[in-house]
Every structure is written in structure tokens, then in C-alpha cells.
Amino acid sequence: MNDTTLVDKTVARSPLLKAYHYVMQTCGLAAGIIIGVVSIVIVLNVLSRNLGVGSIYGTVEGSEYAIAAATFLAAPWVLYHGAHVRVDLLQQALPKAYRSYLEMGINLLGALVCLCFGYYLLATGAEYLSRGSMVYKSFVFPEWWTFILPTTCFALLTLEFLRRLWRLMLPRER
């Protein structure tokens, strides 16, 4: 089974699926904008240093946080569009009748793994929130903030794996 069969070519018909589609598109757009801004800021920082003006404060740390944020935003979008890397040697070796069962198992396993990661990220973030711990580097902010995007990412990945599983379980219209 080709992964692209699980991707909607048009925007979904129901309001809930339409909203979900736009959330996924927003994730991809935000990741792209972040990468673009980071690229521009790094170039400006290099120019600034070479012109003798000095470095732009927080560029290195800000870039690290921004690239991590872009990664967490892009992951659900990539899975939604079926653009992730797949090694389907086992799937291609199976008889056609069993391929969809393997795909269902993979999606179920993916949902369970993402649910576990999301749960532990949420629990750790809640612990940091209750402690009131702070990050003291170039920027100072509550440490629990660093868990917002990863937790959201794994929640969206869980939903996407479950959506893919659900679509495989539904009979196809011919």
C-alpha cells in the first residue's frame, strides 16, 4: 500500500477535518517561516560581525530554540502529507492481502509511541511548572515553556497516526 493513499488531495468536507487540515497546514507554514527567519538572522549576524558592529545578542541560542521549534512544528505536517522517509522492504515482500494489516500495525504502534512521549513530556513540563524553574541563558524564561511545542507535536502525531489507522480500517469507496 502506497502511503500517499492516506493523504487527502482536497480539503476535507467535514468542519472538524477541515479545521484539522488547516492546523496541519499552519504547522508546516510556521516551520517554514521559522527556518526563513533563522536564515536571515544568521546572515545579518555574520554581516554585523564582519562590519565590526558586533554580534546580534542571543542569535546562537535563539537559533537553537527556533530550529527545535521548526522541527516540532514540521513533524506532524510531514506525516500528514506522507512526505516522511519510509523503508517498506517488509511491506513490499508481503502478499498484497497482508500489507494493509502491517500498515495498520505500524500506525497503531506510531500512535502508542507518540502518546507515551507526549505523556512524559506533559508530565515533565507540569513538574517544571510546579517547581517554578527558570532557564537562565541569553534569554530568561520559565523552563516549562520548552515543553509546549514538543507536547503539542506528539499530540498531533498521535492524532495523525490514529487518523491514518482509521482511514485504513474504513472500506474504500470505488
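A residue counts as exposed when its relative accessible area is over 50%. With that cut-off in hand, Tyr 57 is a good place to enter this predicted model: its relative accessibility is 63%, so Tyr 57 counts as exposed. The paragraphs below turn first to the aromatic rings, then to the packing of the helices, and finally to a few individual positions.

A pair of aromatic rings is described by the distance of the centres and the angle of the planes. Applied to this model, the pairing rule, which asks for ring centres within 6.5 Å, gives a count of eight aromatic pairs. In one of these pairs, Tyr 57 meets Phe 139 edge-to-face, with 6.3 Å from centre to centre and 75° between the planes. What does this pair tie together? Tyr 57 belongs to the loop between α1 and α2, while Phe 139 belongs to the loop between β1 (134–136) and β2 (140–142), so the pair links parts that lie 82 residues apart in sequence. The two partners can also be described by their accessibility: Tyr 57 is exposed, as noted above, whereas Phe 139, at 32% relative accessibility, counts as partly exposed.

The rings of Phe 141 and Trp 145 offer another arrangement. Their centres are 6.0 Å apart and their planes meet at 10°, so this pair is stacked; the cut-off behind that word is an angle under 30 degrees. Is Phe 141 buried or exposed? Phe 141 has a relative accessible area of 11% and is therefore buried, the limit for that class being under 20%. Trp 145, in turn, has a relative accessibility of 45% and counts as partly exposed. Both residues take part in a wider group, for ring pairs join Tyr 65, Phe 141, Trp 144 and Trp 145 into a cluster.

Now to the helices. Two packed helices are described by the angle between their axes and the distance between the axes. Helix α1 packs against helix α2 (residues 59–80) at an angle of about 155°, and the two axes are 8 Å apart. Angles over 145 degrees count as roughly antiparallel, which is why α1 is described as roughly antiparallel to α2. The crossing in which α1 passes α2 is left-handed. Sorted by class, the residues in this contact are 19 nonpolar and six polar, with no charged residues.

Helix α1 (residues 15–50) also meets helix α5 (residues 148–169). Here the axes come within 12 Å and cross at roughly 130°, so α1 is oblique to α5. This crossing, too, is left-handed. Which residues of the two helices meet? On the α1 side they are Tyr 20, Val 23, Met 24 and Cys 27, and on the α5 side Leu 156, Leu 159, Glu 160 and Arg 163. By class, this contact has six nonpolar residues, two charged residues and no polar ones.

Helix α5 has a further partner in helix α4 (residues 96–131). The two pack at an angle of about 160° with their axes 8 Å apart, so α4 is roughly antiparallel to α5. The crossing of α4 and α5 is left-handed. Many residues take part: among them are Met 104, Leu 108, Cys 114, Phe 117 and Leu 121 in α4, and Phe 154, Leu 157, Phe 161, Leu 165 and Leu 168 in α5. The classes in this contact come to 16 nonpolar, five polar and two charged residues.

A few single positions round off the picture, since they show how separation along the chain can be set beside separation in space. Tyr 101 sits in helix α4 and, with a relative accessible area of 55%, is exposed. The C-alpha atoms of Tyr 101 and Leu 165 are 9.9 Å apart, although these positions lie 64 residues apart in the numbering of the sequence. Gly 62 is found in helix α2 and counts as partly exposed at 25% relative accessibility. From Gly 62 to Phe 139, the residue already met as the ring partner of Tyr 57, the C-alpha distance is 8.3 Å, at a separation of 77 residues along the chain. Gly 52 lies in the loop between α1 and α2 and, at 65% relative accessibility, counts as exposed. How far apart in space are Gly 52 and Gln 92? These two are 40 residues apart in sequence, and their C-alpha atoms are 58 Å apart.

Definitions and conventions
Residues numbered from 1 in each chain as written. Predicted model: local features only at pLDDT ≥ 70, side-chain atom pairs only at ≥ 80, totals over all residues. Heavy atoms only, no water. Axes fitted to C-alpha atoms, helices over the stretch in contact; angles between N-to-C directions. Helix = DSSP H or I, 4+ residues; strand = E, 2+ residues; numbered from the N terminus. Parallel < 35°, antiparallel > 145°, perpendicular 65-115°, else oblique. Left-handed = near helix turned anticlockwise from the far one by under 90°. Contact = heavy atoms within 4.5 Å. Nonpolar A, V, L, I, M, F, W, Y, C, P; charged D, E, K, R; others polar. Phe/Tyr/Trp six-rings, centres within 6.5 Å; stacked < 30°, edge-to-face > 60°. Buried < 20%, exposed > 50% of the residue type's maximum accessible area, 1.4 Å probe, protein only.
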